[in-house]
Amino acid sequence: MAEQTELLEKYYRQNARKLREKVDKILSGFGGITEKDYDDFYSLANEVFVDVLKKYDASQNFDSFLFSCLSNKMKTEMTKRNRRKRLSERNTVSLDMPVGEDKTAFGELLVSDFNMERELRLEENSFMEDRIQIYFAGLSDLQRRMLELKMDHIPKKQILKILKITEKTYENNFRQLRSYEKTGVLNFGKIFNSEKIFNSEKIFNSEKILYRNKEKQMKEEKQMAAQTSEISKNTSYSISAYIKRLHKYSIRGDHPLQRNSNQWSNIQKYNLITTVLNKYPIPEIILAEQVKADRTENWLIDGKQRLTNLSDFEENLFKIGKNAERPIIEYQVVLKDENGIVLLDKDGSPQYENRKFDVRGKYYSELPEELKERFNDYTIPAVQYLSCSDDDIEYHIRRYNASKPMTAAQKGMTHLGEQYAKVVKKITQHPFFKNKADFRISEFVNGTVDRIVTESIMVIYFLYDWKKKQEDICAYLKQNVKISQFDNFEKLLDRLSEVMSEDVSDMFNSKDAFLWFGLFHNFSKLGLDDNYFIKFMREFKKSLHVKKSGNISYDILCKKGTKDKASVINKLTLMENLMNEFLQIL
């Protein structure tokens, strides 16, 4: 009650000055408003204010909510008035009735208050309001509150404090607010960026809001996907054309069987952009035409992640991170003088200059114009399936999403380079891995054994430069490893094959094999019979894995971590201490 009283005082002090200001702001978008009209709308605003005050929820922003309700009510009223006025004029006298000696039509003498631009704007805003309601309906309470605070220009730090949320929660929800699935319904994605978000004035007053003529849209879609007797056809579009078609719904990326956008990691997004800017080809886009009774849909079957991420970059929703591959982009520019005139050589040909640009840390808007143009004009091939049924659409979505992506181990190997990758593949065929250790057939297929070889080389020769991720290990080895080190590893495998016992073979598994290879390498320097190492493994399996050294055991270390650098070093150090102690007893 106290809050309602405070709002009443706020809006009605000084003869309702604040409420009148909001009405004046809304009416400024219309022409031909008389003093009587202002009085009528002020009276209407009083009714709206009372109604809003009853419906108002403390979790909402009252100013924004009131402005929205006032805008809706006044636009509706203005549309009714114009319609009544035109009907009245038609009923009173015929506009074609000749008047005067020159028989001029009466309609030509009228000074009409009809404003085509204003009428279209009313329809545009009405259409957009419907879209906004759909957009808000899809938000959680937290997301709706975040959006209201952003509309009031509340800084991020203050929003975190008001809503009592972490920065991670804020970023996750804000990312969803900007997601293709949510903003697609607005078809106004460019107003969503990392710092700016739309406000009510932009929504209701911006003349840039797209007015979509449904008949025209249907015609364009039918032209785009002309029906033929063919099953499919090949085509291609530029990135800017794909983005335009997504925003216009000429390409539908929202099939219910499709995955949502934002499936990719940041590094995948960065590398997609550098791939495009380097002019390397990317896989084709798959589209499927579906003819319905009243329209033709063109569904995006495969390539949604690519297109939505390209769109997000073009709208400045993310910048390219420091981990992007091949971030130095080469391009050519035409030289111009200080007046912007192209410089010509003695033969009259334009003069060119080759340049390089580091795209790391850059948004689309920060790229040179030449690279923006390269990005926009980049062409991606597409396969268009024609005249598809519901079953066809489902089949194609299943088919194109059935391919299994590369495992982390397989992807990591792409960072090793061809020369060393061949060596690793050769080593994985060693009889030790197939006949002596404990590896499943699938682990040879999915790259697990490849990973074990690279991890073993890393732990033997570069322990204190250990990397947790396979791709980082391979990238490091590519720059630092020597063929002789792989040769020495093969010799260790030969020696282990000679003495390996079946009762400890399972200790060379996908989780721990690299540690045992590293430990055997250290053992090999002692000049002892290799059978002693097998005896230690047997005792470790039996009891030493729980024995403490310096108040910690191997089992305890296993609970604390897996493959981070400190954990690997601590495990190997403890294993070596236990081994040395065991060998002294023998």
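User: Happy to look at this one with you! In which helix is histidine 396 found?
Analyst: This is a predicted model, and the residue sits within the stretch 390–400. That stretch is helix H16.

User: Is histidine 396 buried or exposed?
Analyst: Its relative accessibility is 8%. The cut-off for a buried residue is under 20%, so with 8% histidine 396 counts as buried.

User: Which residues is histidine 396 in contact with, leaving aside its neighbours within four places in sequence?
Analyst: Histidine 396 belongs to helix H16, so the question is what it meets beyond its own neighbours in sequence. Its contacts there are Ile301, Tyr385 and Cys388.

User: Ile301 falls in strand S5 (296–302). How many of the residues of S5 are buried?
Analyst: Good strand to ask about! S5 is mostly covered. The count of its buried residues is 7 of 7.

User: What is the order of the strands in the open sheet?
Analyst: The sheet is open, has 4 strands and shows mixed pairing. From one strand to the next, the twist averages 30 degrees. The order is S3-S8-S4-S5.

User: Which strands stand at the edges of that sheet?
Analyst: An edge strand here has a single partner strand, so one side of it is left without a neighbour in the sheet. That description fits strand S3 (232–238) and strand S5 (296–302).

User: Which residue is the bridge partner of serine 238 in S8?
Analyst: Strands of a sheet pair through backbone hydrogen bonds, either parallel or antiparallel. S3 and strand S8 (residues 379–385) pair in the antiparallel sense, over 7 bridges. Within S8, the partner of serine 238 is threonine 379.

User: And at the other edge, which residue in S5 is the bridge partner of alanine 288?
Analyst: S4 and S5 run antiparallel and are joined by 6 bridges. A hairpin of 4 residues leads from S4 to S5. The partner of alanine 288 in S5 is tryptophan 299.

User: At about what angle does H14 run to S5?
Analyst: Two helices are worth a look here. H12 lies across S3, strand S4 (285–291), S5 and S8, and runs at about 105 degrees to S3. H14 lies across S4, S5 and S8, and its angle to S5 is about 100 degrees.

User: What do the buried residues of H13 pack against?
Analyst: The buried residues of H13 include Tyr270, Leu272, Ile273 and Val276. Their partners are three helices and a strand, namely helix H12 (239–247), helix H14 (304–314), helix H15 (369–377) and strand S6 (328–334).

User: How far apart are the end C-alpha atoms of helix H13?
Analyst: Helix H13 has 12 residues, 266–277, and at 1.5 Å a residue these should span 16 Å. The separation in the model agrees with that expectation: it is 17 Å.

User: Which residue just after H13 takes a positive phi?
Analyst: The residue comes just after the helix, and its phi is about 65 degrees. It is lysine 279.

User: How are H18 and H21 oriented to each other?
Analyst: Helix H18 (residues 418–427) and helix H21 (residues 448–461) pack with their axes 9 Å apart and at an angle of about 110 degrees. Angles of 65 to 115 degrees fall in one class, and H18 and H21 are therefore roughly perpendicular.

User: Which residues of H21 make the contact with H18?
Analyst: On the H18 side, the contact uses Val424, Lys425 and Ile427. Taken together, the residues of the contact divide into 3 nonpolar, 1 polar and 2 charged. From H21 come Asp450, Val453 and Thr454.

User: Is threonine 454 buried or exposed?
Analyst: Threonine 454 has its place in helix H21. Beyond its neighbours within four places in sequence, its contacts include Met413, Leu416, Val424 and Leu477. With a relative accessible area of 0%, threonine 454 is buried.

User: Last one: how far apart in space are serine 505 and lysine 436, C-alpha to C-alpha?
Analyst: Serine 505 lies in the loop between helix H23 (483–499) and helix H24 (513–524), and at 13% relative accessibility it counts as buried. Serine 505 touches Lys436, among others. The two are 69 residues apart in sequence, and in space their distance is 6.2 Å.

Methods. Residues numbered from 1 in each chain as written. Predicted model: local features only at pLDDT ≥ 70, side-chain atom pairs only at ≥ 80, totals over all residues. Heavy atoms only, no water. Expected span 1.5 Å × (residues − 1). Buried < 20%, exposed > 50% of the residue type's maximum accessible area, 1.4 Å probe, protein only. Contact = heavy atoms within 4.5 Å. Pairing = 2+ DSSP bridges. Axes fitted to C-alpha atoms, helices over the stretch in contact; angles between N-to-C directions. Parallel < 35°, antiparallel > 145°, perpendicular 65-115°, else oblique. Nonpolar A, V, L, I, M, F, W, Y, C, P; charged D, E, K, R; others polar.
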